[in-house]
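Subject: The structure you asked for

Hello,

Here is the structure, with some notes to read beside it.

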Protein chains: 2
Amino acid sequence: MMPSVARIGTPQNQRSRDTRAAMLDAAWELLERAGDSEVTMAAVAEAAGVSRQAVYLHFPSRGQLFMAVMDHVDEALDLHSSLRPVWEAADSLTALDAFADHIARYHSRLIGVVRAVDRSRHGDDDAAALWARSTELWYGGCRSVTDALAAEGHLADPWTPTTAADLMWALMSIEFVDDLTGERSWTPDELATRLRVLFRRTLCNATED
Amino acid sequence: MMPSVARIGTPQNQRSRDTRAAMLDAAWELLERAGDSEVTMAAVAEAAGVSRQAVYLHFPSRGQLFMAVMDHVDEALDLHSSLRPVWEAADSLTALDAFADHIARYHSRLIGVVRAVDRSRHGDDDAAALWARSTELWYGGCRSVTDALAAEGHLADPWTPTTAADLMWALMSIEFVDDLTGERSWTPDELATRLRVLFRRTLCNATED
DNA sequence: CATTAACTTTACAAGGTGTGAAGTTCCTGT
DNA sequence: ACAGGAACTTCACACCTTGTAAAGTTAATG
């Protein structure tokens with residue numbers, strides 16, 4: 001007989017799979033609507049229509065819940081298809097534009113979740129690990145684009161593939177996107193257009209096509 | 001006889017002024033060194049060499065303590081002198097460069113404090129008010145620069161004084177500065193140089209002086 | 001129809017914020 | 001010199017959060 005702790009996160013019958021999804025949806029909805037300090041385990045449980053303890057049957061801690069929400073959201077929003085135009089771009093300048101679009105349109109929908117993971121990353125080692133993994137992934141995307149830019153001779157003067165990737169990575173941070181789409185009320189489309197301008201002018205040699 | 005609550009924040013004799021400063025310094029030091037969730041009232045008290053309750057004699061809440069630290073830091077770091085080159089610049093392009101320097105050199109020293117105020121801004125109405133005031137001030141600085149750029153005909157095509165100020169304001173956010181100086185290990189000087197490049201190329205017509 | 005996973009309810013420990021009140025120390029003014 | 005009071009300490013408490021524990025209930029499954 002397995003100890004009950006081994007079941008956490010992997011319940012076996014149908015009933016629980018629904019409940020787990022309900023919890024993730026509830027947490028997601030709460031995170032996008034309220035500040036993450038208001039998204040307590042009790043609030044998530046109530047929004048999902050279960051008891052507070054039931055949440056702990058699926059997620060060992062608050063931080064791990066948020067991590068699961070992040071995976072859930074990546075799947076629900078189809079991260080892979082949002083990035084496809086970047087990888088399938090014919091040339092690096094097109095990839096750069098596609099990356100600006102990805103940041104503006106995808107990241108503006110992750111604000112609550114990513115912020116929650118960020119804030120629970122101190123003290124929760126698993127959340128810290130997920131954060132590191134995400135950061136690496138995101139930075140890797142930037143780096144691919146800047147490497148391509150450099151290879152095609154588009155990278156302008158003071159920049160190296162590394163420093164250019166650093167900048168792009170900082171510009172895809174949640175706070176940056178949230179400041180502009182939230183506080184300054186830019187629409188995702190406006191953000192996309194202006195990020196394209198920023199990337200092309202700041203990082204690339206003047207070709208203006 | 002005044003009720004004792006009216007004394008909070010304005011003690012009257014010498015002994016307490018020293019203690020208050022010690023608390024502010026202790027909180028500042030802790031905030032720059034540790035994550036803000038570790039900076040508890042007890043930790044601040046211990047670092048300042050007083051009891052936890054003594055902190056409440058000077059600051060009614062954790063949020064208000066952080067607000068006071070922010071004022072304290074602005075004074076200690078001489079905010080006004082850091083901004084002087086911006087206001088005294090002969091032309092708007094020089095002001096823009098000076099603003100990039102200010103962001104890189106000044107904001108990189110505010111990271112812990114500003115983040116703490118940001119995070120205690122939900123639930124603490126006073127912290128929210130201070131945040132709004134700071135935001136307005138910072139945005140006002142950006143707007144002055146972009147207005148000057150527009151007046152002198154330097155503002156490039158898609159930008160208006162408003163949207164350019166929005167962007168500059170987002171680029172002076174703590175997270176952006178922290179991502180680059182912390183995670184990506186840019187020095188403040190490197191950040192200053194690269195922000196100048198970004199601002200000049202993204203926002204200004206090509207004059208390249 | 002017995003088993004068992006999933007869920008509920010209740011209880012609790014630990015640690016944070018903020019309030020309250022009594023006691024101590026030391027400055028200050030008369 | 002000494003009374004008053006401001007600043008601080010200590011102890012105690014209410015309330016909220018996370019996370020653990022255990023016993024009871026429901027319902028799917030074999």
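Which are the buried residues of helix 9 of chain B? They are B:Ala164, B:Ala165, B:Asp166, B:Leu167, B:Met168, B:Trp169, B:Ala170 and B:Leu171. A residue counts as buried if 20 or more other C-beta atoms lie within 10 Å of its own, as exposed if 12 or fewer do, and as partly exposed in between; the C-beta atoms are placed from the backbone. Helices are DSSP runs of H or I with at least four residues, strands are runs of E with at least two, and both are numbered from the N terminus.

Before you go on, note that this is a predicted model: local features need pLDDT of at least 70, side-chain atom pairs count only at pLDDT 80 or more, and totals for chains, interfaces and linings use all residues. Residues are numbered from 1 along each chain as its sequence is written, while chains are lettered from A and ligands numbered from 1 in the order in which they are written.

**Chain A**

Chain A has 11 helices and zero strands. Its C-alpha atoms fill a box of roughly 65 × 40 × 30 Å along the principal axes. The chain has 209 residues, and 42% of them are buried. Now take the contacts (C-beta atoms, placed from the backbone, within 7 Å). Of those in chain A with a separation of 6 or more, 66% join residues 24 or more positions apart.

**The two chains together**

A rotation of 180° with 0.0 Å of shift along its axis superposes chain A on chain B, with an RMSD of 0.1 Å. That is the relation of a two-fold axis. The fit is by least squares on the C-alpha atoms of residues with pLDDT of at least 70 in both copies.

Each side brings residues to the contact: 20 from chain A and 20 from chain B. On the chain A side, helix 9 (161-171), helix 10 (174-183) and helix 11 (188-203) each give two or more residues. Helix 11 of chain A has the largest share, five residues. By class, the chain A side has eight nonpolar, six polar and six charged residues. Here Ala, Val, Leu, Ile, Met, Phe, Trp, Tyr, Cys and Pro count as nonpolar, Asp, Glu, Lys and Arg as charged, and the others, Gly among them, as polar. The copies meet through the same surface, because 100% of the interface residues of chain A are also interface residues in chain B.

**Back to helix 9 of chain B**

This helix (residues 161-171) is mostly covered, with eight of its 11 residues buried. Those buried residues pack against helix 10 and helix 11 of chain A. Within chain B, they pack against helix 6, helix 8 (125-151), helix 10 (174-183) and helix 11 (188-203).

**One residue in helix 10**

B:Thr181 sits in helix 10 of chain B. Is B:Thr181 buried or exposed? B:Thr181 is buried, because 20 other C-beta atoms lie within 10 Å. Leaving out residues up to four places away in sequence, B:Thr181 touches B:Ser108, B:Trp186, B:Pro188 and B:Leu191. B:Thr181 and B:Ala104 are 77 residues apart in sequence, yet 8.9 Å apart in space, C-alpha to C-alpha.

Best wishes

How values were computed: Two residues are in contact if their C-beta atoms, placed from the backbone, lie within 7 Å.
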